[in-house]
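Here is a friendly walk through one model, written for someone who likes cut-offs stated plainly. Please have a look at the sequence and the fold before reading on.

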Amino acid sequence: MRSRTIPGSTGRPRPMRLLGDPALTAPCQEVTAFDGELGRLIEDMYATMYAARGVGLAANQIGVPLRVFVYDCPDDEDRRHLGHLVNPRLVEVDGPLVRGPEGCLSLPGIEAATPRHDHAVVEGHSASGEPRTVTGTGFFARCLQHECDHLEGGLYVDRLTGLRRRRALRAAARAPWAAGESGR
């Protein structure tokens, strides 16, 4: 019998911030209070990520400017990685630079071949303040780098150049979720 609850089962999905929202372009602030409010935020983030069918979610994607992300992401060997990081810092990237498909819950339905390193190490803390180090390879390394970018105010399209970037931004401008979003 499982002794812990399933992440997100006590949370509530929150509205997703989409491309053009200023919440996505500002660097996030350090978490200073490791309390029940942080635990509720993390639960809501899992619930939001699962409702949107994502593999990772940063707090600013739901309009909270704090350095927190959650993930439930496979690696290239289909091993599941489930967790969260508070005040994460990308401390190491190495291995080959791989251009692979990448999408984002803040740009629903849009994907582009984005260059990322094949190995990443992120240090941070748990919701209770315990130090954590998370290492990822392949697709999970891509996820870790993607979420760390969010917390610095970046999106995967910022890593695209030339035709790939123009195509992704053009697709975003024509997306149904962008309709009526003038000024964004």
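Buried means a relative accessible area under 20%, exposed means over 50%, and partly exposed lies in between, with a 1.4 Å probe and protein chains only. This is a predicted model, in which local features need pLDDT of at least 70 and side-chain atom pairs count only at pLDDT 80 or more, while totals for chains, interfaces and linings use all residues. Residues are numbered from 1 along each chain as its sequence is written, and side-chain values use heavy atoms, with hydrogens and water left out.

**A buried aspartate in a loop**

Asp 75 sits in the loop between strand 2 and strand 3; helices (H or I, at least four residues) and strands (E, at least two) are DSSP runs, numbered from the N terminus. With a relative accessible area of 5%, Asp 75 is buried. Where does the side chain of Asp 75 reach? It comes to 2.9 Å from the backbone nitrogen of Glu 77. A polar atom of the Asp 75 side chain also lies 2.9 Å from the backbone nitrogen of Arg 79. A polar contact here is a pair of N or O atoms within 3.5 Å; within protein, one must be able to donate a hydrogen and the other to accept it, and residues adjacent in sequence count only if both atoms are side-chain atoms. Leaving aside neighbours within four places in sequence, Asp 75 is in contact (heavy atoms within 4.5 Å) with His 81, Thr 137 and Phe 140.

**Helix 1**

Helix 1 covers residues 36–51, which makes 16 residues. From first C-alpha to last it reaches 22 Å, close to the 22 Å expected at 1.5 Å a residue; the expected span is 1.5 Å times one less than the number of residues. At the N-terminal end, Asp 35 acts as a cap, with a side-chain oxygen 3.2 Å from the backbone nitrogen of Glu 37. After the helix comes Arg 53, whose phi is positive, near 65°. Buried residues of helix 1 include Leu 38, Leu 41, Ile 42 and Met 45. The buried residues of this helix pack against strand 1 (56–58), strand 2 (68–74) and strand 3 (80–103).

**Salt bridges**

Side chains of opposite charge can pair when their charged atoms come close. A salt bridge is counted when a side-chain nitrogen of Lys or Arg is within 4 Å of a carboxyl oxygen of Asp or Glu. The structure holds 13 salt bridges, among them these:

| Pair | Closest N to O distance |
|---|---|
| Glu 152 and Arg 89 | 3.6 Å |
| Arg 116 and Glu 102 | 2.8 Å |
| Arg 142 and Glu 102 | 2.7 Å |

Arg 142 lies in helix 2 and Glu 102 in strand 3, so their pair ties together parts that are 40 residues apart in sequence. Arg 142 counts as buried at 8% relative accessibility, and Glu 102 counts as buried at 3%. Arg 116 is buried too, as is its partner Glu 102. Glu 102, Arg 116, Arg 142, Asp 149 and Arg 159 are linked in a network of salt bridges.

For the Glu 152 pair, the accessibilities tell another story. Glu 152 is partly exposed, with a relative accessible area of 45%, and Arg 89 counts as partly exposed at 38%.

**An unpaired glutamate**

Glu 147 belongs to helix 2 (residues 138–151). Which side chain of opposite charge is nearest to Glu 147? It is Arg 116, 8.4 Å away, and Glu 147 is buried yet has no salt bridge. For charge, Lys and Arg count as positive and Asp and Glu as negative, with His and the chain ends not counted. Not counting residues up to four places away in sequence, Glu 147 touches Gly 56, Leu 57, Ala 58, Gln 61 and Phe 69.

**Ala 112 and the cysteines**

Ala 112 is found in strand 4 (residues 111–125) and is buried, at a relative accessible area of 9%. Its C-alpha is separated by 8.0 Å from that of Val 157, although the two residues are 45 apart along the chain. Beyond residues up to four places away in sequence, Ala 112 touches Gly 100, Pro 101, Glu 102, Tyr 156 and Leu 160.

How many disulfides does a search of the whole structure find? It finds 0, where a disulfide is a pair of cysteine sulfur atoms within 2.5 Å. Cys 73 is in no disulfide, and the nearest cysteine sulfur, that of Cys 143, is 4.0 Å away. Cys 73 is buried, at 0% relative accessibility. The sulfur of Cys 104 is too far for a bond, because the closest cysteine sulfur, in Cys 143, is 11 Å away.
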